[in-house]
Amino acid sequence: MTWTDSLPSARGKLLRDEPLGPFTWFRVGGAADVLFIPADSDDLADFLKALDPAVPVTVLGVGSNVIVRDGGVEGVVIRLAGRPFAGITTEGDAITAGAGALDAMVAKASAKAGLAGLEFYAGIPGTIGGALTMNAGCYGAETKDILVSARGLTRAGAWVDYALADFGYTYRHSEAPVDIIWIEAVYRGTPDVPEAVAARIAEITARREQTQPIREKTGGSTFKNPPGHSSWKLVEAAGWRGKPFGGAKFSELHSNFMINFNDATAADIEDLGNTVREDVQSKLNVNLEWEIKRIGRPV
Ligand SMILES: Cc1cc2nc3c(=O)[nH]c(=O)nc-3n(C[C@H](O)[C@H](O)[C@H](O)COP(=O)(O)OP(=O)(O)OC[C@H]3O[C@@H](n4cnc5c(N)ncnc54)[C@H](O)[C@@H]3O)c2cc1C
């Protein structure tokens, strides 16, 4: 008998040995020992309270900034899927969004409510949970510019409330404990004409189509931009734009995006990233830091 035979009961779905590749943009990686899709936040809180504290817990959004390694993920992986986690409401200049809501849907709701400031979320293909963890941003705006507060659950299943200042946000980084599972966030927009907000969203969406491989199996920006540098220029200068490595390569369209173009394994993709980091360090003397999160066990 192992820990997976004595899981706490739950109203949501508990799936053993569930492949995670289909839940990520790269479409690679092994299985979760257990994948839990809670019915709602109470279900999740009760499950976490009853789960053996020794079992590791990992949250996945829509997997647009992760590599799940080929050996799968130890413990319980949680996905906040479905309506109970994806609600979006507006009141005055406040927008409240569930952590499972797509950033793009929140941007759309902000336009409908005539609130400016959240347009950039239209360009980020993740969820609010992922945005809170990554301080996601683009075109000069970041999550920290619009966030008011967020609610989450600790690993022990207790509710916590975080004000913006508690996140200690820097570029693509939060100082909040990594084991908090974000459930809901409150944002503030600035009143504007709905059509004007919608027009800016349309511009961002069109720009994305032209500049990023958004229909490929990718993970977004591979590396953070080092101070004073653009990662895509460094990758290109080191000769890696479009160069195949196993089934992976850095995109011709955007050379800070890796793509799985030919049945790559997670190891191909991660090894490519590490090889390029070393190459850029030795050729150009710049340290590239991973932006993409890598989770799970190598094979
Ligand atoms: C084509 C493309 C373009 C992109 N462009 C941008 C861009 O312009 N700017 C940008 O910032 N990013 C960009 N990204 C990266 C990515 O979309 C963002 O980082 C996004 O915020 C990740 O959200 P996700 O739901 O996919 O999270 P995942 O990739 O599933 O997870 C990312 C991290 O967030 C954590 N996480 C997810 N949900 C929760 C939760 N509820 N509670 C706690 N932790 C959680 C995960 O554990 C993991 O550590 C792009 C990605 C792609 C594929």
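In this predicted model, strands E11 (residues 147–153) and E13 (residues 181–188) run antiparallel and are joined by 6 bridges. To find one of these pairings by eye, start at Ala-150: its bridge partner in E13 is Ala-185. E11 also pairs with strand E12 (residues 159–163), again in the antiparallel sense, this time over 5 bridges. Here Leu-153 of E11 stands opposite Trp-159 in E12. E11 and E12 make up a hairpin, with 5 residues sitting between the two strands. One residue of that turn, Gly-157, has a positive phi of about 85 degrees. As a rule of thumb for looking at strands, side chains in a regular strand alternate between the two faces of the sheet.

Earlier in the chain, there is an open sheet built from 4 strands, in the order E1-E2-E5-E3 and with mixed pairing. Its edges are strand E1 (13–19) and strand E3 (57–60), each of which pairs on one side only. On average, and ignoring direction, neighbouring strands of this sheet are turned by 30 degrees against each other. Inside the sheet, strand E2 (residues 31–37) and strand E5 (residues 73–79) pair up in the parallel sense, with 4 bridges. Val-34 is a handy place to look, as its bridge partner in E5 is Val-76.

Next comes helix H1, which covers residues 41–50. At its start, a side-chain oxygen of Asp-40 reaches to within 3.2 Å of the backbone nitrogen of Asp-42. The buried residues in H1 are Ser-41, Asp-43, Leu-44, Ala-45, Phe-47 and Leu-48. When tracing a helix like this, it helps to remember that an α-helix has 3.6 residues a turn, so residues three or four places apart point the same way.

Finally, Asn-135 deserves a stop on the tour. This residue lies in the loop between helix H3 (128–134) and strand E9 (137–138). Asn-135 counts as buried because its relative accessibility is 0%, and the cut-off for buried is under 20%. What does the side chain of Asn-135 reach at 3.3 Å? The partner is the backbone nitrogen of Thr-143. A polar atom of the Asn-135 side chain also lies 3.0 Å from the backbone nitrogen of Lys-144. Leaving aside residues up to four places away in sequence, Asn-135 touches Glu-142, Thr-143 and Lys-144, along with Tyr-169, Thr-170, Tyr-171, Arg-172 and His-173. Thr-143 and Lys-144 thus turn up in the contact list of Asn-135 as well as in its links to backbone nitrogens.

Definitions and conventions. Residues are numbered from 1 along each chain as its sequence is written. This is a predicted model: local features need pLDDT of at least 70, side-chain atom pairs count only at pLDDT 80 or more; totals for chains, interfaces and linings use all residues. Side-chain values use heavy atoms; hydrogens and water are left out. Two strands pair if DSSP finds at least two bridges between them. Axes are lines fitted to C-alpha atoms, for helices over the stretch in contact, and angles run from 0 to 180 degrees between N-to-C directions. Buried means under 20% relative accessible area, exposed over 50%, partly exposed in between (1.4 Å probe, protein chains only). A polar contact is a pair of N or O atoms within 3.5 Å; within protein, one must be able to donate a hydrogen and the other to accept it, and residues adjacent in sequence count only if both atoms are side-chain atoms. Contact means heavy atoms within 4.5 Å.
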